[in-house]
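Student: I have just opened this entry, and I would like to understand how each label attached to it is justified. Could we go through them one at a time?

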Amino acid sequence: MRPGGLGSIALGVALLLGPVSVAAAEDYDMFPTDRPSLSTSTITVPPGKLQIESGVEYSRSRVSHGQTEQQLLLDILFRTGITSRVEARLDINPVVWLKDADTDVGFGDVTVAVKYRFFDSQEGSWWPSLGVLPFVKIPSARSPIGSERVDIGCTGLATFDLPWRLSLDLNVGLAGIGQSGGAYFLLQETVSASLSRQITAPFAAYGELF
């Protein structure tokens with residue numbers, strides 16, 4: 001799970017190196033990666049195939065007049081198809097660098113999730129395909145890199161296939177975020193929308209609001 005702020009807009013051009021997979025790239029109509037955008041599509045990895053997506057993520061945040069916090073992490077996502085509609089996911093952060101008043105480096109949290117697409121849109125239809133993405137974050141990171149508490153949640157997914165090779169992904173999620181030093185959860189709602197277009201096989205452009 002990648003948290004957003006109070007609200008952000010992102011525009012970018014993504015270089016998609018393609019899936020590191022048992023399957024050849026020609027098995028896909030396009031590279032159905034869930035990186036680098038925050039939004040997740042309903043597309044699932046074909047049964048029996050393994051796909052690995054990775055990237056480096058940097059964030060900088062500051063609350064009021066407090067200490068500025070910077071974070072740099074390596075993110076690796078493993079996706080494997082169980083059925084034509086279900087995939088299992090393992091998201092790990094093997095290296096996290098955190099700087100505020102002090103500097104900490106360590107292993108990040110591990111998130112286990114399942115993507116299930118329960119409705120497929122008809123070709124040429126404006127109706128989206130629909131799915132869900134329940135997840136559990138395992139608190140493998142020590143404080144202050146992680147909260148050392150379990151997070152649980154579920155995200156609703158909708159993907160629209162639009163003209164001119166455009167694709168629109170809409171996500172609405174609800175999660176219980178475990179809090180450090182307490183036995184309670186902070187309820188967090190996330191909403192995101194990502195509009196993307198495949199330019200060539202390895203390149204895609206996208207704009208995102210979350």
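Tutor: From the N terminus on, the elements of this predicted model run β-β-β-β-β-β-β-β-β-β-β-β, and the secondary structure of the chain comes to zero helices and 12 strands.

Student: How many residues does the chain have, and what share of them is buried?

Tutor: The chain has 210 residues, and buried residues make up 37% of them. The accessible surface comes to about 11,900 Å², with 63% of this area belonging to carbon and sulfur atoms.

Student: Why is glutamine 51 called buried?

Tutor: Buried means under 20% relative accessible area, and glutamine 51 has a relative accessibility of 0%, so the label buried applies. Glutamine 51 lies in strand S3, which covers residues 50-61.

Student: What makes the pair of glutamine 51 and glutamate 53 a polar contact?

Tutor: The cut-off for a pair of N or O atoms is 3.5 Å, and the side chains of glutamine 51 and glutamate 53 are joined at 2.8 Å, so the distance is within that cut-off.

Student: Why is tryptophan 164 called exposed?

Tutor: Exposed means over 50% relative accessible area, and tryptophan 164 reaches 69%, so the term exposed is the right one. Tryptophan 164 is found in the loop between S9 and S10, and has a positive phi of about 60° although it is not a glycine. Arginine 165 is also found in the loop between S9 and S10, and it too has a positive phi of about 60° without being a glycine.

Student: Why is leucine 166 called partly exposed?

Tutor: Partly exposed lies between the limits of 20% and 50%, and leucine 166 has a relative accessible area of 24%, so it belongs to that class. Leucine 166 lies in strand S10, residues 166-178.

Student: Which residues does leucine 166 touch, not counting those up to four places away in sequence?

Tutor: Leucine 166 touches Phe160, Asp161, Leu195, Ser196 and Arg197. Leucine 166 and arginine 197 are 31 residues apart in sequence, and their C-alpha atoms are 4.6 Å apart in space. For the chain, residues 24 or more positions apart account for 51% of the contacts with a separation of 6 or more.

Student: What makes valine 150 eligible for a nonpolar surface patch?

Tutor: A patch residue needs over 30% relative accessible area, and valine 150, at 35%, is partly exposed and therefore passes that cut-off. Valine 150 is found in the loop between strand S8 (129-138) and strand S9 (151-162). The patch of about 540 Å² is made by Leu90, Val112, Val136, Ile138, Val150, Ile152 and Phe185.

Student: Which peptide bonds are cis?

Tutor: Among them is the bond from arginine 35 to proline 36, with omega near 5°, where proline 36 lies in the loop between strand S2 (20-21) and S3. Another is the bond from serine 143 to proline 144, with omega near 10°, and proline 144 is found in the loop between S8 and S9.

Student: What pLDDT does the chain average?

Tutor: The chain averages a pLDDT of 82, and 83% of the residues score at least 70. Over residues 1-6, however, the pLDDT is below 50, although this stretch has 14 contacts in the model beyond near neighbours in sequence. The pLDDT also stays under 50 over residues 9-26, for which the model has 40 contacts beyond four places in sequence. Where pLDDT is low, the predicted coordinates should not be read in detail.

Key
Residues numbered from 1 in each chain as written. Predicted model: local features only at pLDDT ≥ 70, side-chain atom pairs only at ≥ 80, totals over all residues. Heavy atoms only, no water. Patch = residues over 30% accessible without salt bridge, like charges linked within 9 Å, V, L, I, M, F, W, Y side chains within 5 Å. Areas by Shrake-Rupley, 256 points an atom, 1.4 Å probe, with all protein chains shown as cover. Salt bridge = Lys/Arg side-chain N within 4 Å of Asp/Glu carboxyl O. Helix = DSSP H or I, 4+ residues; strand = E, 2+ residues; numbered from the N terminus. Buried < 20%, exposed > 50% of the residue type's maximum accessible area, 1.4 Å probe, protein only. Polar contact = N/O pair within 3.5 Å; in protein donor to acceptor, adjacent residues only side chain to side chain. Contact = heavy atoms within 4.5 Å. pLDDT = per-residue confidence, 0-100.
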